[in-house]
There are 2 protein chains.
Amino acid sequence: MNEASGSRPGGRSARVRASVHRAVEDLVAEGVRIEDLTIPVIAARAGVHATTVYRRWGSVAELLASVAEHRFTGDVVVPDTGSLGADLERWATDVARDLADPDTLALMRASIGAGETASCACTADRRTQIAAVLERETARGGDVPAVDAVVDGLLAPLYYSALFVPAHDDGPAPGDRVRALVGKLLGGDVLSAQALTP
Amino acid sequence: MNEASGSRPGGRSARVRASVHRAVEDLVAEGVRIEDLTIPVIAARAGVHATTVYRRWGSVAELLASVAEHRFTGDVVVPDTGSLGADLERWATDVARDLADPDTLALMRASIGAGETASCACTADRRTQIAAVLERETARGGDVPAVDAVVDGLLAPLYYSALFVPAHDDGPAPGDRVRALVGKLLGGDVLSAQALTP
DNA sequence: CGCCTGCGGCAAAGATCGCTGCGTTAGTAT
DNA sequence: ATACTAACGCAGCGATCTTTGCCGCAGGCG
């Protein structure tokens, strides 16, 4: 969002931030456990002095929140296929593909383990993406379910599967699963979906 | 599951294990942050020497996984109210109440952060509980949705909310939310729900 | 009843972490 | 171009964690 935030967004600060973020992603991707993911380790990998990391982020939890926020925002382009169903299907497919990446999943696990702030950073942008899709359909003149209904019907199952279902493939192929979820979400009359979360 | 595992399950070992587990639950319940939840602290609270904890569990992550495993299995009695809707509603309410507990949530966060194995341990028992509820309804002669459909429609939204929605109260009251989810799950014709996850 | 072994208690050493004061570098403004 | 200052590097300190070797107790077994 505001990569250039701070009172001095000049080259070096941005470089350091990028370097540290990259280091965190790499270390998590390499399977370093949360308790071993310490600031000196991160700083060493980033080629930055540990003091800098302590001063800028303070703790591993905040750093993970920062990384998660940047990792999980703005990387999905909201599609515009012309129909709500197709838009949702495409968007959910992108989300599912993202969650299928082991590195992404590892980062999310770490963020969830780091606390509520970092955890919420993983999904904050998803809601705005959903809202954008729904708003587009509204502009077309169609009825849309509530954002929370889409979260319950699409996002929650995808995240749940990613986190709690063992890696071995279960049931439907990824594409079929998304299709089925969207169909179920939109199949029920839209009114009840709207009334679900007042 | 096997509380008395190990080559010498005699009184003292079991006592120590129970004491340490209890200490972890208490500390987490008191709001001690994960990063402050260190082995010496746990050992002191449990009235056990830190060396013992290091030797038996090795790390905080493994200890938390162990606690979570015992915490998330077998503590929910599957209800039998006479109708599928009421059974599911009651069961889901129990689950939601459990997830609303800060200690339980903290334990789950830690387990998720610990990796896939510990993570799956949090929900493994839920599936069997759902299966039991559905089987009971089948014995009554009613049509039931697939277990995966119930997971998607009930369990996933509840877990998602617990993990990714900030603590501040959102939308509906806990009871209403569960009721709405169950209604939506059973409201759509059961056939489509069954076809969702073949 | 007495031996035996696994397991916990204990203390000390070693390692690591997180923090603080100060000098230096590199953006930024005039 | 020069001065200013925010941000980084550096070194060292104190505290805490983690490990290790040894001893003693208690629970199982003949």
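Trainee: What makes the meeting of the side chains of Arg127(A) and Asp148(A) a salt bridge?

Mentor: Their N to O distance is 2.8 Å. A salt bridge requires a side-chain nitrogen of Lys or Arg within 4 Å of a carboxyl oxygen of Asp or Glu, so this pair qualifies. The pair links distant parts of the chain: Arg127(A) belongs to helix 8 (residues 124-139) of chain A and Asp148(A) to helix 9 (residues 147-164) of chain A, 21 residues apart. Helices are DSSP runs of H or I with at least four residues, strands are runs of E with at least two, and both are numbered from the N terminus.

This is a predicted model, in which local features need pLDDT of at least 70 and side-chain atom pairs count only at pLDDT 80 or more, while totals for chains, interfaces and linings use all residues. Residues are numbered from 1 along each chain as its sequence is written, chains are lettered from A and ligands numbered from 1 in the order in which they are written, and side-chain values use heavy atoms, with hydrogens and water left out.

Trainee: Why is Arg127(A) called partly exposed?

Mentor: Its relative accessibility is 38%. Buried means under 20% relative accessible area, exposed means over 50%, and partly exposed lies in between (1.4 Å probe, protein chains only). Arg127(A) is therefore partly exposed at 38%, and Asp148(A), at 26%, counts as partly exposed too.

Trainee: What makes Arg177(B) and Asp152(A) a salt bridge, and why does the pair join two chains?

Mentor: The closest N and O atoms are 3.2 Å apart, so the pair meets the definition of a salt bridge. Arg177(B) lies in helix 10 of chain B and Asp152(A) in helix 9 of chain A, so two chains are joined.

Trainee: Are these two residues buried or exposed?

Mentor: Arg177(B) has a relative accessible area of 14%, so it is buried. Asp152(A) has 6%, so it is buried as well.

Trainee: What else does Arg177(B) touch?

Mentor: Leaving out residues up to four places away in sequence, Arg177(B) touches Asp152(A), Pro157(B), Leu158(B), Ser161(B) and Pro172(B); contact means heavy atoms within 4.5 Å. A polar atom of the Arg177(B) side chain lies 3.2 Å from the backbone oxygen of Pro157(B).

Trainee: How many salt bridges does the rule find across the interface of chain B and chain A?

Mentor: The rule finds two there. Besides the pair just described, Asp152(B) and Arg177(A) meet in a salt bridge at 3.2 Å, N to O. Over all chains the count comes to 28.

Trainee: How many residue pairs between chain B and chain A are in polar contact?

Mentor: There are eleven such pairs, with both residues at pLDDT 80 or more. A polar contact is a pair of N or O atoms within 3.5 Å; within protein, one must be able to donate a hydrogen and the other to accept it, and residues adjacent in sequence count only if both atoms are side-chain atoms. Helices 4 (60-71), 6 (102-114), 7 (116-121), 9 (147-164) and 10 (174-187) of chain B each give two or more residues to the side that touches chain A. Helix 9 of chain B supplies the largest share, ten residues. By class, that side has 24 nonpolar, seven polar and seven charged residues.

Trainee: How much area do chain B and chain A bury between them?

Mentor: About 3200 Å², 63% of it on carbon and sulfur atoms. Buried area is the accessible area (1.4 Å probe) that two parts lose on being put together, summed over both. On the chain B side, Arg109(B), Tyr160(B) and Phe164(B) lose the most area to chain A, together 22% of what that side buries. The contact takes 38 residues from chain B and 36 residues from chain A.

Trainee: What elements does chain A have, and what share of its residues count as buried?

Mentor: Chain A has eleven helices and zero strands. Of its 198 residues, 43% count as buried.

Trainee: What makes Glu35(B) and Arg33(B) a salt bridge?

Mentor: Their closest N and O atoms are 3.3 Å apart, so the definition is met. Glu35(B) is partly exposed, at 47% relative accessibility.

Trainee: Which residues are linked in a network of salt bridges?

Mentor: Asp80(A), Asp87(A), Glu137(A) and Arg140(A) are linked in this way.

Key
Nonpolar A, V, L, I, M, F, W, Y, C, P; charged D, E, K, R; others polar.
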